[in-house]
Amino acid sequence: MSQAGDAAAPASYKGWAGIRRAFGTPSAITMLVFGFGSGLPFLLIASMTLSTRLRDVGLDLGSIGLISLASFFYLLKFLWAPLIDRYAFPLTAFLGRRRSWLLFSQLLVAASLGALALSRPEMGVTTLVMWVLVGSFAGATQDSVVDAYRIEVAPAAAQGALAATYTLGYRIGLIVGGAGALYLAEFQGWTNAYLWMAALMLVPVLTTLIAREPAVPEATVVRRIDFIGAFWQPFTSFFSSNGLLLGLALLAFVGLFKFPDQVIGVMAGPFYLDSGYSKADIATVSKLYGIWTGIVGAFVGGVCVAAFGFRRMLFVAAVGVALSNLAFLLMAYNPGQIWAFYLAISADNLFQGFAGTVLVAFMSSLTDRNFTATQYALLVSLANLPGKFAGGVSGFLVEATSYATFFILSALTVVPTLLLLGWLWQRIRDPVREPGAMGGTGG
C-alpha cells in the first residue's frame, strides 16, 4: 500500500477528475482501513455492545452506568496528544512518529478485546473494568494519531476525500463492533464474539506496517523545541484568539451540544433488551439499519452546512437531537413491536448523523491550524464529556423513575444549549457568507 505521489500539487485535485483521483489515492484506502480500526472497538469498550453484554449476564442498570465511566480515556485524549505530536513511541520508533503510535495503540486495542473476551463479568467486574480502562486508553490514542495522520499524509485538496473514506471505514467498524458482535454473541456467545473482534484488529495493524509515514510538518518541528510549550500553547492560543468569555462560552456550547443524545447512550442496550427485543433484533435494527441511516443523516448535514452555514444548522441539529429522544417513547409504550423500533432508530440516527457532521464542521472552524491535533482533541473530548458523566448515573435515574420519564427528561436538557446558542448567535460567522472562523482561529 505504497503512497508515493499522494502529496501532489493541489491543482491535480480540481474538478470531477480530481475528485476521482483524490478518492483513488492509496492514502484514501489507508484511511478507510484506519477508520475501520477506530470504529471497531468503540461500541465494544465504551458504549452499547458492552452495556448490552453486561445486562445480558444479569448486571443491574446502576452498575452498568458506573462501569461505563471506565471508558473515560476517550474523553481525555487531549491530555497526552502533545506527547504524540512530539515523540515517536519508543518500542516501535523505527516506524516513525505516527506509525509507531498507531502500531502500539492498535496492538493494545486487540489485546484488551482479547482480555475482555476471557473476562467473566457475572463473577465480578474488577478485571473487566481494568481492561476497559486499557482499551479506552488505546482506542483514544489510536483516534488521535489517525486524525493527525490524515492531515499530514496528503495535501489540503485531498482532505475531503480522506475524511469521507475515514468516516465510511469508521461506520463499517461500528457495524462490525455493534451488529456483528451482537450476532456472534447470539449464536456463539460473548467470548467468541470478542475474540473475533480482537482478531479483526489485525487488519489495521497490517495496514500500519505497509503504509507510508507522513513527513513531519515544519510547524511541528518548531514546536518540538519547547516541551512545556507543546502543552500550554494550544490552550493559550485558543483563548487569545477568542477572548476568555467567548472562549469559555464556545467550549461550554460544544460540550452541551449533543448532551441529550449522549445521556441516553449507555441505557440504550439495556432498554432494548428490557423492551423485549432479542440481540439479533438489536443488531439488525440498531447496529445495521441504524448505522446506514446515520450515514444518510451525516450526508444531509454536510449538504445543509454548505448551503445554509453554521448558525441555522446548529439550531436545527440541537432541536432535532432532543426531539429524536422522544421517539423512544414509541418503544416504551409499544414494547417488542418491531415497527416502533425502526421508527425510533430512524429518527435517532438521522439526527445523530446530521448533528455529528454539523458539529465537526463547527469545531474544525474553531481550530488553530498551528495546534490542530491538540485543539481538535480537546474539542472532541468536551463534546463527549458532560454526556459521558451523565450516562454514568443514568441507570439510577431509570430505576428511580421509568424509561419513559428518562427520555422526556433527556429531551429537556437541550434548553441550556439553546440559551447558549442564542447568546452566540451574532458571534458565529457563517462560512457561506463570511469565510473564516470565529475569532480568526482557523478556516
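Axes here are lines fitted to C-alpha atoms, taken for helices over the stretch in contact, and the angle between two of them runs from 0 to 180 degrees between N-to-C directions. With that in hand, a pair of helices in this predicted model is a good place to start. Helix H21 covers residues 403–412 and helix H22 covers residues 414–424. Their axes come within 5 Å of each other and cross at roughly 10 degrees. Angles under 35 degrees count as roughly parallel, so H21 and H22 are roughly parallel to each other.

As for who touches whom, Ser410, Ala411 and Leu412 are the H21 residues in this contact. On the H22 side, they meet Val414, Val415 and Pro416. Sorted by character, the residues of this contact come out as five nonpolar and one polar, with no charged ones.

Next come the cavities. Searching the whole structure turns up three cavities of 30 Å³ or more. The second largest of them holds about 50 Å³ of space. Its lining is made up of Ala46, Ser47, Leu50, Ser51, Leu54, Ile64, Ser68 and Val266. Two helices, H3 (48–56) and H4 (61–68), each supply at least two residues of that lining. Helix H3 gives the largest share, three residues. In terms of character, the lining of this second largest cavity splits into five nonpolar and three polar residues, and no charged residue takes part.

Helix H3 turns up again when it comes to charged side chains. The structure holds two salt bridges. One of them joins the side chains of aspartate 274 and arginine 55, at 3.2 Å from N to O. Arginine 55 sits in helix H3 while aspartate 274 belongs to helix H15 (residues 265–274), so this pair ties together parts of the structure that are 219 residues apart in sequence. Helix H3 thus has two roles in this picture: H3 supplies three residues to the lining of the second largest cavity, and H3 also carries arginine 55 of the salt bridge with aspartate 274.

Technical notes: Residues numbered from 1 in each chain as written. Predicted model: local features only at pLDDT ≥ 70, side-chain atom pairs only at ≥ 80, totals over all residues. Heavy atoms only, no water. Helix = DSSP H or I, 4+ residues; strand = E, 2+ residues; numbered from the N terminus. Parallel < 35°, antiparallel > 145°, perpendicular 65-115°, else oblique. Contact = heavy atoms within 4.5 Å. Nonpolar A, V, L, I, M, F, W, Y, C, P; charged D, E, K, R; others polar. 1 Å grid on protein atoms, 1.4 Å probe; cavity = no way out; pocket = protein on both sides within 12 Å on 5 of 7 lines; lining within 4 Å. Points joined across faces, edges and corners; volume = space filled by probe spheres on them. Salt bridge = Lys/Arg side-chain N within 4 Å of Asp/Glu carboxyl O.
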